[in-house]
Amino acid sequence: MQTLITEQKATFFPIGHELPKEVDYLWLIINGVVKTYTHGNDRPITLGFWGSKDVVGDPLSNIAPYLTKCLSDVKAIAIPRSQWGSLSREMMYCEQQTQQLIYIVRNNRVAGRLWLLLTWLASKFGRTTPKGRVIDFKLTHQELADALGTTRITVTKILNQYEREGLIARPKTKCIIVRK
């Protein structure tokens, strides 16, 4: 993969931007966080959260539409089809993450699903501080709800409960600190 990074030019995408749809390219995320999703009958359906060294793109999914939104500023490299063979390690890692997300969303209780998602996001994207693991990209209550197949109101109630119990802290609107 290091060869791909040095041979290709990275492209910058600002927060909120969609990665371009390419049938002959995959996007290798160099830094930042993206969410893949599609549209359901009444709301978005989250397909995954991806960051550094993850690979995303239309060719990896049979779901249409397949959209990729930047949750932070993102730097990514477009990898042409001719170089996909060199991404086997990254592809295996993406498959493992997909299975982790399936496990999370299939948990019976919404509170359990939310806790599993927060701890997974903190583990994957967070940085360690004395107060816990900080998830410091903007993740709305609605995005968490969409990822878990529940309502924004339910997510807000559970997050407030977690905060009262000291499991999380939300010192500013753009971050969540997972304490356990």
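Is Arg 89 buried or exposed? Arg 89 counts as exposed, because its relative accessibility is 68%; here exposed means over 50% relative accessible area, buried under 20% and partly exposed in between, with a 1.4 Å probe and protein chains only. The legends below describe a predicted model, in which local features need pLDDT of at least 70 and side-chain atom pairs count only at pLDDT 80 or more, while totals for chains, interfaces and linings use all residues. Residues are numbered from 1 along each chain as its sequence is written, and side-chain values use heavy atoms, with hydrogens and water left out.

**View 1. Two exposed arginines, Arg 89 and Arg 106.** Arg 89 sits in helix H2; helices (H or I, at least four residues) and strands (E, at least two) are DSSP runs, numbered from the N terminus. From Arg 89 to Leu 117 the C-alpha separation is 24 Å, across 28 residues of sequence. Look next at Arg 106, in the loop between H2 and H3. Arg 106 is exposed too, as its relative accessible area is 65%. Its C-alpha atom is 27 Å from that of Ile 29, with the two positions 77 residues apart along the chain.

**View 2. Helix H2 packed against helix H3.** Two packed helices are described by the angle between their axes and the distance between the axes. For H2 (residues 88-105) and H3 (residues 110-125), the angle is about 155° and the axes are 8 Å apart. Axes are lines fitted to C-alpha atoms, for helices over the stretch in contact, and angles run from 0 to 180 degrees between N-to-C directions. H2 is therefore roughly antiparallel to H3; angles over 145 degrees earn that name, those under 35 count as roughly parallel, 65 to 115 as roughly perpendicular and the rest as oblique. On the H2 side, the contact is made by Tyr 93, Gln 97, Gln 100, Leu 101, Tyr 103, Ile 104 and Val 105, and H3 answers with Arg 113, Leu 116, Leu 117, Trp 120 and Lys 124. Contact means heavy atoms within 4.5 Å. By class, the residues of this contact are eight nonpolar, two polar and two charged (Ala, Val, Leu, Ile, Met, Phe, Trp, Tyr, Cys and Pro count as nonpolar, Asp, Glu, Lys and Arg as charged, and the others, Gly among them, as polar).

**View 3. Helix H4 meeting helix H5.** H4 and H5 (residues 152-164) pack at about 110°, again with the axes 8 Å apart. This makes H4 roughly perpendicular to H5. H4 brings His 141, Gln 142, Leu 144 and Ala 145 to the contact, while Arg 152, Val 155, Thr 156 and Leu 159 come from H5. Four of these residues are nonpolar, three polar and one charged.

**View 4. The largest pocket.** This pocket holds about 470 Å³ of space. On a 1 Å grid over the protein atoms alone, a pocket is an open set of points with protein on both sides within 12 Å along at least five of seven lines, a cavity is a set where a 1.4 Å probe fits but cannot get out, and lining residues have an atom within 4 Å of a point. Grid points are joined across faces, edges and corners, and a volume is the space filled by probe spheres set on the points. The pocket has 22 lining residues, and Thr 36, Leu 47, Gly 48, Trp 50 and Thr 98 are the closest to its centre. Strand S4 (44-50), H2 and helix H4 (141-148) each give two or more residues to the lining. H2 gives the most, with eight. The lining has 16 nonpolar, five polar and one charged residues.

**View 5. The largest cavity.** The model has one cavity of 30 Å³ or more, and the space in the largest cavity is about 70 Å³. Its lining includes Leu 19, Lys 21, Glu 22, Trp 27, Asp 58 and Tyr 66. Strand S2 (25-31) and S6 each supply at least two lining residues. Six nonpolar, two polar and three charged residues make up this lining.

**View 6. Cys 70 and its neighbours.** Cys 70 belongs to strand S6 (residues 67-70) and counts as buried, because its relative accessibility is 1%. Leaving aside residues up to four places away in sequence, Cys 70 touches Phe 13, Pro 14, Ile 15, Gly 16, His 17, Leu 19, Val 33 and Val 34. Pro 14 is 56 residues from Cys 70 in sequence, yet their C-alpha atoms are 6.9 Å apart.
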